[in-house]
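Biologist: Could you take a close look at one part of this model for me, the sheet and whatever packs or bridges around it? I'd like one connected walk-through rather than a list.

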Amino acid sequence: MTHPLPPGRGAFNYGICYRDVVTIDSNHLVTVVLEKSGHRTLRIALVVDHPDREQLHELLHGSVVEADLPHEWLQGTYLAVDLPPGTDPTVLVKILKAPAQAGALHWEIDS
């Protein structure tokens with residue numbers, strides 16, 4: 001259930017999810033994931049120049065708030081949603097399918 005983001009899109013830490021145990025180097029960069037937490041991350045990148053971007057932002061924001069899922073926006077265009085263990089993302093994925101096919105956004109679920 002992954003739809004890769006285009007290269008160079010997004011400021012995401014791939015392969016790391018909330019509550020994972022990691023080691024860092026002297027530059028404070030993650031070097032190894034020691035233990036996975038079971039959380040997954042839904043990442044969404046809205047296409048900046050798409051005419052439906054503002055409406056999609058509002059729809060997505062409302063959907064994650066309604067689902068009571070922790071989330072974070074970057075510049076109103078990139079959204080990261082924490083999916084705790086046992087969370088079924090089906091409702092959110094259904095919302096994403098049509099805009100993704102229309103080229104309005106890109107998404108993926110990382111574990």
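Modeller: Here's the walk-through, starting with the ground rules and then moving from the sheet outwards.

This is a predicted model, so local features need pLDDT of at least 70 and side-chain atom pairs count only at pLDDT 80 or more, while totals for chains, interfaces and linings use all residues. Numbering starts from 1 along each chain as its sequence is written, and side-chain values use heavy atoms, with hydrogens and water left out.

Okay, the sheet. It's an open one, built from four strands in the order β4-β5-β3-β6 with antiparallel pairing (strands are DSSP E runs of at least two residues, helices are H or I runs of at least four, and both are numbered from the N terminus; two strands pair if DSSP finds at least two bridges between them). The edges belong to β4 (71-74) and β6, and each has a single partner strand, so one side of each is left without a neighbour in the sheet. From one strand to the next, the twist averages 15 degrees (axes are lines fitted to C-alpha atoms, for helices over the stretch in contact, and angles run from 0 to 180 degrees between N-to-C directions). Zooming in on one pairing, β4 and β5 (residues 78-83) run antiparallel over four bridges, and His 71 sits opposite Val 81 in β5.

Now the helices. α1 packs on the sheet and touches β3, β4, β5 and β6, with its direction at about 160 degrees to that of β4 (contact means heavy atoms within 4.5 Å). Helix α2 (residues 90-101) lies across β3 and β6, at about 145 degrees to β6. For a residue-level view of α1 (residues 53-66), try His 57, which lies in that helix. His 57 is buried at 16% relative accessible area (buried is under 20%, exposed over 50%, partly exposed in between, using a 1.4 Å probe and protein chains only). Setting aside neighbours within four places in sequence, His 57 contacts Leu 46, Trp 73 and Gly 76.

What fills the inside? The largest nonpolar core has 18 residues, and Leu 42, Ile 44, Leu 60, Leu 105 and Trp 107 touch the most other members (such a core is a set of buried Ala, Val, Leu, Ile, Met, Phe, Trp, Tyr and Cys residues joined through side-chain atoms within 4.5 Å). At least two residues of this core come from each of β3, α1, β5, α2 and β6.

Last, the charges. The whole structure has four salt bridges (a side-chain nitrogen of Lys or Arg within 4 Å of a carboxyl oxygen of Asp or Glu). One of them joins Asp 110 to Arg 43, with the closest N and O atoms 3.0 Å apart. Asp 110 is in strand β6 (residues 105-110) and Arg 43 in strand β3, so this pair ties together parts that are 67 residues apart in sequence. Both Asp 110 and Arg 43 are buried. Another salt bridge links Lys 36 and Asp 20 at 2.8 Å, N to O. Lys 36 belongs to the loop between β2 (30-35) and β3 (40-46), and Asp 20 to the segment before β1 (21-24), so here the linked parts are 16 residues apart in sequence. Lys 36 is partly exposed at 37%, whereas Asp 20 is buried at 11%. Then there's Arg 53 with Glu 54, at 3.1 Å from N to O; Arg 53 is buried at 19%, and Glu 54 is partly exposed at 47%. Shared partners also join Arg 43, Glu 108 and Asp 110 into one salt-bridge network.
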